[in-house]
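Thanks for coming, everyone. Let's look at one protein together. Please have a look at the picture first.

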Amino acid sequence: MVSTINKWIVQEYCEAVKDQDGVVLLSMEGLTVEEAQGLRNDVRASGADLVLGKKRLVKVALAESGIEFEDAAWGSGNCAILVGDAESTIGGAKAIEAFCKPQKQERKVTYRAAFF
């Protein structure tokens with residue numbers, strides 16, 4: 001059963017990156033549920049999508065879609081992918097920067113790799 005669910009999740013991730021001009025791999029550590037939801041809404045307003053996921057499944061989905069990043073880019077813990085056309089992906093990155101700007105301490109969202 002678990003492998004079937006993982007296959008469905010990988011398919012959803014593949015659909016998310018299909019025919020997109022930009023894919024940005026992010027590390028998201030220490031966000032509260034409210035912060036994550038607010039950030040997703042801000043990114044969605046730019047026309048891009050922010051998909052949170054399990055690193056292993058995202059890695060498989062990107063490989064199946066022909067997008068591979070170096071192992072060092074994956075880091076540890078959960079990850080997220082920012083996807084959209086070129087303009088909306090840049091807009092999504094700007095929304096992430098606006099979210100991170102007021103954080104005085106360590107950033108909760110870091111860029112790991114990008115594919116355009």
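Is Ser88 buried or exposed? Ser88 is buried: its relative accessible area is 7%, and the cut-off for buried is under 20%. One thing to keep in mind throughout: this is a predicted model.

Let's stay with Ser88 for a moment. Find helix H4, which covers residues 86–100. Ser88 sits in that helix. What does Ser88 touch, once we skip residues up to four places away in sequence? The answer is Ser46, Gly47 and Ala48.

Now step back to the whole chain. How many helices and strands does the protein have? There are four helices and four strands. Read them from the N terminus and you get α-β-α-β-α-β-α-β.

Next, overall dimensions. The C-alpha trace spans about 40 × 30 × 25 Å along its principal axes. The radius of gyration is 14 Å. A compact globule of 116 residues would have a value near 13 Å, so the protein agrees with that expectation.

What about the inside and the outside? Of the 116 residues, 37% are buried. The protein exposes about 7000 Å². Carbon and sulfur atoms supply 52% of that exposed area.

Contacts next. Take the contacts between residues at least 6 apart in sequence. Of those, 80% join residues at least 24 apart.

And charge. We have 14 positive side chains and 17 negative ones. The centres of the two sets lie 5 Å apart.

On to helix H1, residues 2–17. Two residues here make a good pair to look at. Asn6 is in H1, and so is Trp8. Which of the two is buried, and which is exposed? Asn6 is buried, because its relative accessible area is 19%, and the limit is under 20%. Trp8 has 52%, so Trp8 counts as exposed, where the limit is over 50%. Leaving out residues up to four places away in sequence, Asn6 touches Arg56 and Leu57. For Trp8, here is a distance instead. Trp8 and Ala80 are 72 residues apart along the chain. Their C-alpha atoms are separated by 17 Å.

Now follow the chain out of H1. You come to the loop between H1 and strand S1, where S1 is residues 22–28. Asp19 lies in that loop. Its relative accessibility is 70%, so Asp19 counts as exposed. Look at the backbone too. Phi of Asp19 is near 60 degrees, a positive value in a residue other than glycine. Asp19 and Gly91 are 72 residues apart along the chain, and their C-alpha atoms are separated by 18 Å.

Another loop, please. Where is Lys54? Lys54 lies between strand S2, residues 49–53, and helix H3, residues 55–64. Lys54 is partly exposed, because its relative accessible area is 48%, which falls between 20% and 50%. Setting aside neighbours within four places in sequence, Lys54 contacts Tyr13 and Asn78. Check one more distance here. Lys54 and Gly77 are 23 residues apart along the chain. Their C-alpha atoms are separated by 7.9 Å.

Last topic: cysteines. How many disulfides does a search of the whole structure find? Zero. Let's see why for two of the cysteines. Start with Cys79. Its closest cysteine sulfur is in Cys14, and that sulfur is 13 Å away. A disulfide needs the two sulfur atoms within 2.5 Å, so 13 Å is too far for a bond. Then Cys100. Its closest cysteine sulfur is in Cys79, 16 Å away, so that is too far as well. Are Cys79 and Cys100 buried or exposed? Cys79 is buried, with a relative accessible area of 4%. Cys100 is buried too, at 5%.

A quick recap before we stop. The elements run α-β-α-β-α-β-α-β from the N terminus. In helix H4, Ser88 is buried at 7%. In the loop after H1, Asp19 is exposed at 70%. And the search for disulfides finds zero. Thank you.

Terms used: Residues numbered from 1 in each chain as written. Heavy atoms only, no water. Helix = DSSP H or I, 4+ residues; strand = E, 2+ residues; numbered from the N terminus. Rg over C-alpha atoms; globule rule 2.2 N^0.38 Å. Buried < 20%, exposed > 50% of the residue type's maximum accessible area, 1.4 Å probe, protein only. Contact = heavy atoms within 4.5 Å. Areas by Shrake-Rupley, 256 points an atom, 1.4 Å probe, with all protein chains shown as cover. Lys, Arg positive; Asp, Glu negative; His and termini not counted. Charge placed at Lys NZ, Arg CZ, Asp CG, Glu CD.
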